[in-house]
Each structure stands twice: as structure tokens, then as C-alpha cells.
Amino acid sequence: MSQSTTLTLLDRRRASLPSLVLVANTQSGQEVSRPFGLAPIVVGTGADCDLIVADPAVSRRHCLFRITPQGILVRDLQSKNGTFIGSAGNINNVRVQEAYLAPGHLLQIGGVSLRIRTTGEPSEIPLWPEASFGGALGGSTVMRALFHRLQQAAQSPEVVLLRGESGTGKELLARAIHDASPRADGPFVIFDAAAITPALFESELFGHVRGAFTGADADRTGMLATADGGTLFLDEIGELPLDQQPKLLRVLETKQYRPVGSNEWRSFDARIVAATHRDLHAAVAAGEFRQDLYFRLAVFECVVPPLRERTDDIELLVERFLASEIPARTVLDLPHGALEMLASHHWPGNVRELRNTVSRLLLFPHMGERALEFHGVEGEARRDFDMLLGLSWRDARERVIDRFEASYLREKLHAHEGNVARAATDMGISRQLVHRLMVRHGIR
């Protein structure tokens, strides 16, 4: 792979990022483009995409591009009509789910052709000189670039938003930001928006006074006050109910809150770090997340890459997991060929799944590749279930529900030839909800 399309390490503190642009040409002759950076480029018809194309055969979120040390990675995002690859102007009807693009490769999505164009000389990006940032581990170029950006963010009082799939270590990175900040001696407080019922949101975050409601027998200090002088980590902020979002926005804007049942406004002094596994751009477009709150949270927005896009870090992570065992273990305690096996896995559950798999290999060294499978199910379903076992209860339940919603909705729409009104009637829900689900799952 030519270095002109790769993220290349120069030394411990610098990397070379090629100057590339992704160009899309429609059948009508329209050309749109988007320059590459470290963050991925999502292509589709949706208003939340990074590169928006107008074509009826293109899905709302069709495919994704990212610069990696191996080259330009393209991944189909479960599009309806597929992503096809070819070369020298010839699309060979080879449908791809995930591939690295060689120079000269073209892609076709619907009636849109995609190509990568060089626009100038490579630029240098700064890297964190170490393979760790606080408790987070990563020696890959993309992780060290992230660590450098987070170190810069740590010195600022502004809000940081961490976006990444479940299991990528967002909480660990939030704590590392806190530890690297001037507030390191203050508290680090976690508010899990997905685990708090809407009725308790204000009481948990703002606190309440005695007599505020039935059962409020004493004053309660909320998490904002508890985090005073330190950092408040708003985990899974994308799950915050829409009717609660204006309350959080007001707090972020004014730096004041009012405990439930109190008439007194109080100031707080806590730095905010938020995290979500959801694409908030898509959530805003779907009307599920307030745009003004998103803008307020995304002062420093950082994308945490999934493990499959930084497989160079797997050996480093495995060594750490082994060293933390009691007694400490080494790679010699793993079955022969284990590292090669782990490096080739897709890791939908990311670092959390890797940690659990290493534990299984230590307990059952004879399992080999079966450590990546579940014994009660066959084939892909075995691997899918094993991935769920690598997640927390909440994340696993959410993943199953997401898959059910997408599959159920596709089947109902197919049965009614795409007629949303008839599908909604059959499903017993409103057309508006069907439209929201279609946006959420990228279904056209």
C-alpha cells in the first residue's frame, strides 16, 4: 500500500497524515467532496452524514471511510443496495462489507461513484509520546493521536464529548482526562444517564430538599454538588430522555442548578466530560437529541476508535490483562497461536470482549478458537452470543433490542412493499414512530 494513502508514523511524537479528499459523482453530474482527517467519513443521503449524496438507491447511512496505517478502510453500513468495488473505471460487481482500498480503486453505491483524490503534501499530526494515557492503553498511531488531543483538552475547563462503541474504554479515558487536569485532586463522579429513570433524573443530578416528595425524609446532595472541584462524567448521555435535555442544557449554560423542592439556585464548579456510544449527529437529525445540547457538549468532541481499527494494540492489551491476573501471567500461559487468533477476530464487543476472552483462554486453554464461540449455538450465532457475553447487561440488552428493531422493521416494510402507513398499522404503532425507527437504523 502506497504511503500516500496511509497514516504513517514519523517518530514518537509525529505522524504523517495524507492530504486526501473523498469525491462522489452522481449520475446527474453533481460532484461533492469531503477532506479526510483522523475521524471517519460517513457517506449517505442523511442530513447527519459527513458526505451527503442525493440518490434514491443510496441508504441514509450507506458506508464509512477511514485513514488507517494499512490504507483507506471502507466499510458498508448494512446498506440496502450494497457497496461495490472495482478499478480503473471498471466496477466489477464485487460487493464488499469491509476492505482496504488500493490506489486506483473505485467504489459504486447506487448510481454514485466514489474515488479518493490526493490534494497536496501530507501534513504532520502530533502524537502522545507514550503508549498509555492514564489507565488507557494504546500504542497505535490513531490512539496516540487521540491521547495527545485528550491531554490538550484536559488542560481546558471546557466540556469534552467522547464518542465510541460500547467497550472501547470511554470511562477509562474520562478518568484519564480528570487525572491529567488541574482538578485531579478533586472528586471524579459518574452519572449514568442510561441507568437513571426519568423520574429520578433531577433528584440524582441536582439533589433534593427534605419534604420535596414522598419519601424525601432528608436533604440529599446531588451529583453536581458531589463533583464540586472535580469532574462530573455524564456516561451514555445519548440515552437522556428528550424532555430532560433542556434541564441539563440550562445547567451547562448557567453553571447553576436548583435542588428538587428548593427555591434556591446554587452554583457548581465541576468540569463536565460526557460519553455516548450513539451517533449524536443521527440522533439530532431524527429529533431524538437536542441540537443545542449537542453543540454545548461537543466543544471538544473526540471519537474513540473500535478495537478492530487498532489491532496493533491487541498484544499490548493482552499483556496488561495477563499482568493483572493473580498471580500475574504472561503470553506464554496462553495456548499456542492465541495472539494470532485474537488479532484476526472482529471484536464487536471491543476491549471489554477481548478482556473476557483472555480470561476464558486462561481458564480453558484447550478451547483455542472456541474461546470466541458459545457452545450452545452454531456458526455465526455462536460468535454473536459470545460477543454479547463480553458486554454488560445493559449494553447486551440494548444490542439485542437494536437488532430486533432493525430486523422486525425491515421485514414489515418488505411485506408491505415499503408502504410506511400500512406497515405502521400492521405493527400497531404510529407512522411517526416508524419514520423515527427507519432513521435510527438507516433503513430507506
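Axes here are lines fitted to C-alpha atoms, for helices over the stretch in contact, and the angle between two of them runs from 0 to 180 degrees between N-to-C directions. The exercises below all concern a predicted model.

**Exercise 1. Helix 12 and helix 13**

Task: Determine at what angle helix 12 and helix 13 pack and how far apart their axes are, and then name the residues of each helix that make the contact.

Solution. Two packed helices are described by the angle between their axes and the distance between the axes. Helix 12 covers residues 393-415 and helix 13 covers residues 420-427; they pack at an angle of about 120°, and their axes are 9 Å apart. Since angles of 65 to 115 degrees count as roughly perpendicular and those over 145 as roughly antiparallel, with the rest above that first range being oblique, helix 12 is therefore oblique to helix 13. The handedness comes next: the crossing in which helix 12 passes helix 13 is right-handed. On the side of helix 12 the contact is made by Tyr408, Leu409, Lys412 and Leu413, and on the side of helix 13 by Val420, Ala423, Asp426 and Met427. Sorted by class, this contact of helix 12 with helix 13 comprises six nonpolar residues, no polar ones and two charged ones.

**Exercise 2. Helix 8 and helix 10**

Task: Describe how the axes of helix 8 and helix 10 cross, and classify the residues of their contact.

Solution. The axes of helix 8 (residues 314-323) and helix 10 (residues 350-363) come within 10 Å and cross at roughly 55°. That angle makes helix 8 oblique to helix 10, and the crossing of the two helices is right-handed. Helix 8 contributes Ile314, Leu317, Val318, Phe321 and Leu322 to the contact, while helix 10 contributes Val351, Leu354, Arg355, Val358 and Leu362. The division by class for helix 8 with helix 10 is nine nonpolar, no polar and one charged.

**Exercise 3. The sheet with strand order 1-2-14**

Task: Establish how the strands of the sheet 1-2-14 pair, and identify its edge strands.

Solution. Strands of a sheet pair through backbone hydrogen bonds, either parallel or antiparallel. In this case three strands form an open sheet, and the pairing is antiparallel. Strand 1 (8-11) and strand 14 (123-126) are the edge strands, each of them pairing on one side only, and from one strand to the next the twist averages 35°. Taking the pairs in turn, strand 1 and strand 2 are antiparallel and share three bridges; they form a hairpin with two residues between them, and Leu9 stands opposite Ala15 in strand 2. Strand 2 (residues 14-17) is in turn joined to strand 14 by four bridges, again in the antiparallel sense, with Arg14 opposite Pro126 in strand 14.

**Exercise 4. The sheet with strand order 6-5-7-8-11**

Task: State the sense of pairing in the sheet 6-5-7-8-11, and follow the pairing of strand 8 with strand 11.

Solution. Five strands form this open sheet, and the pairing is mixed. Its edge strands are strand 6 (51-52) and strand 11 (98-101), each of which pairs on one side only. Strand 8 (residues 71-76) runs antiparallel to strand 11, and four bridges join the two; within this pair, the bridge partner of Leu73 in strand 11 is Tyr100.

**Exercise 5. Backbone exceptions and a hairpin**

Task: Locate a cis peptide bond and a residue that has a positive phi although it is not a glycine, and then describe the hairpin of strand 12 and strand 13.

Solution. Most residues other than glycine have a negative phi, and most peptide bonds are trans. The cis peptide bond joins Ile326 and Pro327, with omega about -5°, and Pro327 lies in the loop between helix 8 and helix 9 (338-344). Gln78, although not a glycine, has a positive phi of about 55°; its place is in the loop between strand 8 and strand 9 (84-87). As for the hairpin, strand 12 (residues 105-109) and strand 13 (residues 112-118) run antiparallel and are joined by three bridges, with Ile109 having Val112 of strand 13 as its bridge partner. Two residues stand between the strands of this hairpin, in which Gly110 takes a positive phi near 60°.

**Exercise 6. The whole chain**

Task: Count the helices and strands of the protein chain, and judge its compactness from the radius of gyration.

Solution. The protein chain has 14 helices and 25 strands. Its radius of gyration is 24 Å, close to the 22 Å that the globule rule gives for 444 residues, so the protein chain is as compact as a globular protein of that length. Taken along the principal axes, the C-alpha atoms fill a box of roughly 70 × 60 × 50 Å.

Notes. Residues are numbered from 1 along each chain as its sequence is written. This is a predicted model: local features need pLDDT of at least 70, side-chain atom pairs count only at pLDDT 80 or more; totals for chains, interfaces and linings use all residues. Side-chain values use heavy atoms; hydrogens and water are left out. Angles under 35 degrees count as roughly parallel, over 145 as roughly antiparallel, 65 to 115 as roughly perpendicular and the rest as oblique. A crossing is left-handed if the near helix is turned anticlockwise from the far one by less than a right angle, and right-handed if clockwise. Contact means heavy atoms within 4.5 Å. Ala, Val, Leu, Ile, Met, Phe, Trp, Tyr, Cys and Pro count as nonpolar, Asp, Glu, Lys and Arg as charged, and the others, Gly among them, as polar. Two strands pair if DSSP finds at least two bridges between them. The radius of gyration is taken over C-alpha atoms; the globule rule is 2.2 Å times the number of residues to the power 0.38.
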